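Trainee: I should like to learn how to read the packing of a protein model. May we work through one example together?

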Amino acid sequence: MSWSISIVAVLGSLYFSEVAGYVPCTLCWFQRIFMYPLAVILGIASYRGDTHITNYVLPFSIIGGSFSLYHYLEQKISYFGELTPCRVGIPCNVEYINWFGFITIPFLALACFFLITVIMWIIRRDTLHKGKN
């Protein structure tokens, strides 16, 4: 399940940049840096049936999700826009999409990172629980 989420996120980011022509900002690149390896790591783990990958996946999903959350807040709350690290190039507070008034590209990335994190915590809990029995 996590692998399919990461694949959708990677394909979505490639669609937005390569097909729709939306140029990624600095924060978008940081989110990609943390999502793209997840597609590979989770794909290998899925193929091998490996459930002992949570220690490797959780740092990527939590840090990437933190970038997504900050990016989303920067778009939606004016105070965060003043703190922007995107001073040169594409501004990070630009909303290429705004579906239903709240779904933006960073929101989509945040949802993917969040789902992967939750799934990894569940797998981690179940793996640790099985080890105690």
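Trainee: Which residues does L38 touch, not counting residues up to four places away in sequence?

Mentor: Please note at the outset that this is a predicted model. With those sequence neighbours set aside, L38 touches S6, G43, V57, F60, S61, F113 and I116.

Trainee: Which elements give two or more residues to the largest nonpolar core, and which of its members touch the most others?

Mentor: The largest nonpolar core has 18 residues, and those touching the most other members are M35, L38, L42, V57, I116 and M120. Two or more residues of this core come from each of helix 1 (2-19), helix 2 (26-48), helix 3 (54-76) and helix 5 (105-132). L38 thus appears in both lists: it is among the core members with the most such contacts, and V57 and I116 are among the residues that L38 touches.

Trainee: How should the overall architecture be described?

Mentor: One begins with the elements and their order. The protein chain has 5 helices and 0 strands, and from the N terminus on its elements run α-α-α-α-α. Its C-alpha atoms fill a box of roughly 50 × 30 × 30 Å along the principal axes. Of the 133 residues, 37% count as buried. Among contacts with a separation of 6 or more, 70% are accounted for by residues 24 or more positions apart.

Trainee: At what angle do helix 1 and helix 2 pack, and how far apart are their axes?

Mentor: A helix pair is read from its angle, its axis distance and its handedness. Helix 1 and helix 2 pack at an angle of about 140 degrees, and their axes are 8 Å apart. Because angles count as roughly antiparallel when over 145 degrees, helix 1 is oblique to helix 2. The crossing of the two helices is left-handed.

Trainee: Which residues of helix 1 and helix 2 meet?

Mentor: On the helix 1 side they are S2, W3, S6, I7, A9, V10, S13, L14 and S17, and on the helix 2 side R32, M35, Y36, L38, A39, L42, G43 and S46. By type, the residues of this contact divide into 10 nonpolar, 6 polar and 1 charged.

Trainee: Turning to a loop, is T104 buried or exposed?

Mentor: For a loop residue, one consults both its accessible area and its contacts. T104 is found in the loop between helix 4 (78-82) and helix 5. T104 counts as buried because its relative accessible area is 0%, where the cut-off is under 20%. Leaving aside neighbours within four places in sequence, T104 is in contact with Y72, Q75, K76, E95, I97 and N98.

Notes
Residues numbered from 1 in each chain as written. Predicted model: local features only at pLDDT ≥ 70, side-chain atom pairs only at ≥ 80, totals over all residues. Heavy atoms only, no water. Core = buried A, V, L, I, M, F, W, Y, C linked by side-chain atoms within 4.5 Å. Buried < 20%, exposed > 50% of the residue type's maximum accessible area, 1.4 Å probe, protein only. Helix = DSSP H or I, 4+ residues; strand = E, 2+ residues; numbered from the N terminus. Contact = heavy atoms within 4.5 Å. Axes fitted to C-alpha atoms, helices over the stretch in contact; angles between N-to-C directions. Parallel < 35°, antiparallel > 145°, perpendicular 65-115°, else oblique. Left-handed = near helix turned anticlockwise from the far one by under 90°. Nonpolar A, V, L, I, M, F, W, Y, C, P; charged D, E, K, R; others polar.
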